[in-house]
Amino acid sequence: MRFSKFTEVSEGKFDFVKNARYFFIFSIIITVLGIITLGIHGLNYGVDFKAGSNVDIAVKKDLTGQKEQIEQYLKDNDFGSPTLTVGANRITVRFDEVLTDQKEKALKEGFAAKFDKEASAEVNTVDTEIARELQTNALYAIIVASIGIVIYVSIRFEWRFAIAAIVSLLHDAFIVISLFSIFKLEVNLPFIVAILTIIGYSINDTIVIFDRIRENLRFAKIKTAADVARLVNESIWQTLTRSINTVMTVVVAAVCLLIFGSASIQLFSLAILFGLVSGAYSSIFIASQLWLVLKNKQKPKAAVKSPAAS
């Protein structure tokens with residue numbers, strides 16, 4: 001039994017519930033900024049969600065200092081001004097239009113002759129219809145995942161926990177989307193996988209705290225709203241070390257993937273990193289406090305009259 005020994009927040013311990021309004025205000029400000037940024041800049045959709053061709057060129061020579069020459073070559077040979085990323089071993093060229101077979105052949109042969117004879121290119125093309133279908137399916141995946149989580153939490157706990165959990169999840173996903181909009185990072189299929197992974201991680205972290213609250217409620221003698229607030233505070237503190245240790249372990253793995261991973265998974269790793277920080281924050285500072293707000297609005301149960309009173 002973990003609840004019976006505390007009556008007040010221990011001296012020196014941070015009061016999560018008392019300071020909840022500051023975290024709510026902070027999250028609202030971030031959310032509003034995200035909405036404004038999305039309204040102005042939108043998202044930088046990659047080839048997965050926007051029609052066009054993405055050319056990955058593996059090179060043996062280090063061409064990192066020749067970006068301007070490559071851009072000029074593309075311009076001089078009627079390839080326009082595509083988005084160009086030059087790495088030590090790989091060059092990525094993003095065209096907003098779909099390359100024809102003749103264009104693909106001319107690009108591969110011309111680049112090999114001009115810059116690196118051992119270069120090999122891989123072309124990925126998405127037409128408008130497929131791009132639209134992928135956008136729709138990605139949205140469905142997030143909605144279905146969110147509904148499944150609501151059902152699961154409602155069955156295992158109660159609807160107030162479910163509401164608090166889903167608001168927390170949407171908060172985490174929106175923070176990551178906003179950051180990608182602010183920094184104009186490319187949104188592609190690995191980004192959607194990252195969002196779904198973040199949702200799964202965040203609900204797991206939140207459920208740990210909810211489970212502790214539910215367990216403490218079984219043994220607590222709740223008489224006033226202050227009792228529930230103290231219970232929530234103590235439940236967060238009881239799970240805080242586990243939450244921080246868990247997120248730090250995953251953060252280390254994500255940072256390693258970001259630094260040492262290939263270019264194709266770096267944005268995935270970055271999205272995961274953003275989501276881990278946001279998920280840990282919302283689990284500790286948002287979800288339980290939101291449940292407490294909903295709990296305090298619960299109507300008191302009507303007293304049962306004893307036979308003697310009637």
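How many residues does the hairpin that joins strand 3 to strand 4 run through? The count is 3 residues. Before I go on, a reminder that what you see here is a predicted model.

I will start with the strands. Strand 3 covers residues 83-86, and its pairing with strand 4 is antiparallel, with 4 bridges. To fix the register, take threonine 83: its bridge partner in strand 4 is arginine 94. Strand 4, residues 90-95, also pairs with strand 2, residues 52-58. That pairing is antiparallel too, over 6 bridges. Here you can use valine 55 as the marker, as it stands opposite valine 93 of strand 4. So much for the pairings.

Ahead of strand 3 there is a loop that comes from helix 2, residues 67-76, and aspartate 78 sits in that loop. Aspartate 78 is not a glycine, yet its phi is positive, near 65°. Is aspartate 78 buried or exposed? Its relative accessible area is 62%, and the cut-off for exposed is over 50%, so aspartate 78 is exposed.

Next, the helices. Helix 5 runs from residue 159 to residue 182 and helix 6 from 189 to 219. Helix 5 has 24 residues, and from its first C-alpha to its last it reaches 34 Å, close to the 34 Å expected at 1.5 Å a residue. How do helix 5 and helix 6 pack, that is, at what angle and how far apart are their axes? The angle is about 145°, and the axes are 9 Å apart. The crossing of these two helices is right-handed. On the helix 5 side, the residues making the contact include Phe161, Ala165, Leu169, Val176 and Phe180. From helix 6, the contact residues include Phe191, Ile195, Ile199, Ile203 and Phe210. Sorted by type, the residues of this contact come to 15 nonpolar, 3 polar and 1 charged. Among the contact residues of helix 5 you will also find Ser168 and Asp172, and among those of helix 6, Ser202 and Thr206.

Just after helix 5 comes lysine 184, with a positive phi of about 55°. Lysine 184 belongs to the loop between helix 5 and strand 6, residues 186-187. Lysine 184, again, is not a glycine. With a relative accessibility of 53%, lysine 184 counts as exposed.

Last, two neighbours in sequence on helix 8. Helix 8 spans residues 263-296, and serine 288 lies in it. What does serine 288 touch, not counting residues up to four places away in sequence? The list is Ile209, Phe210, Ile213, Val232, Ile236 and Ser283. Two of these names, Phe210 and Ile213, came from helix 6 in the contact with helix 5. Serine 288 has 0% relative accessibility and buried means under 20%, so serine 288 counts as buried.

Glutamine 289 is in helix 8 as well. Its relative accessible area is 2%, so glutamine 289 is buried. Leaving aside neighbours within four places in sequence, glutamine 289 is in contact with Phe16, Val17, Ala20, Phe24, Ile236 and Ile284. Ile236 is thus a contact of serine 288 and of glutamine 289.

To return to where I began: asparagine 89 and glutamine 289 are 200 residues apart along the chain, and their C-alpha atoms are separated by 49 Å.

How values were computed:
Residues numbered from 1 in each chain as written. Predicted model: local features only at pLDDT ≥ 70, side-chain atom pairs only at ≥ 80, totals over all residues. Heavy atoms only, no water. Pairing = 2+ DSSP bridges. Axes fitted to C-alpha atoms, helices over the stretch in contact; angles between N-to-C directions. Left-handed = near helix turned anticlockwise from the far one by under 90°. Contact = heavy atoms within 4.5 Å. Nonpolar A, V, L, I, M, F, W, Y, C, P; charged D, E, K, R; others polar. Buried < 20%, exposed > 50% of the residue type's maximum accessible area, 1.4 Å probe, protein only. Expected span 1.5 Å × (residues − 1).
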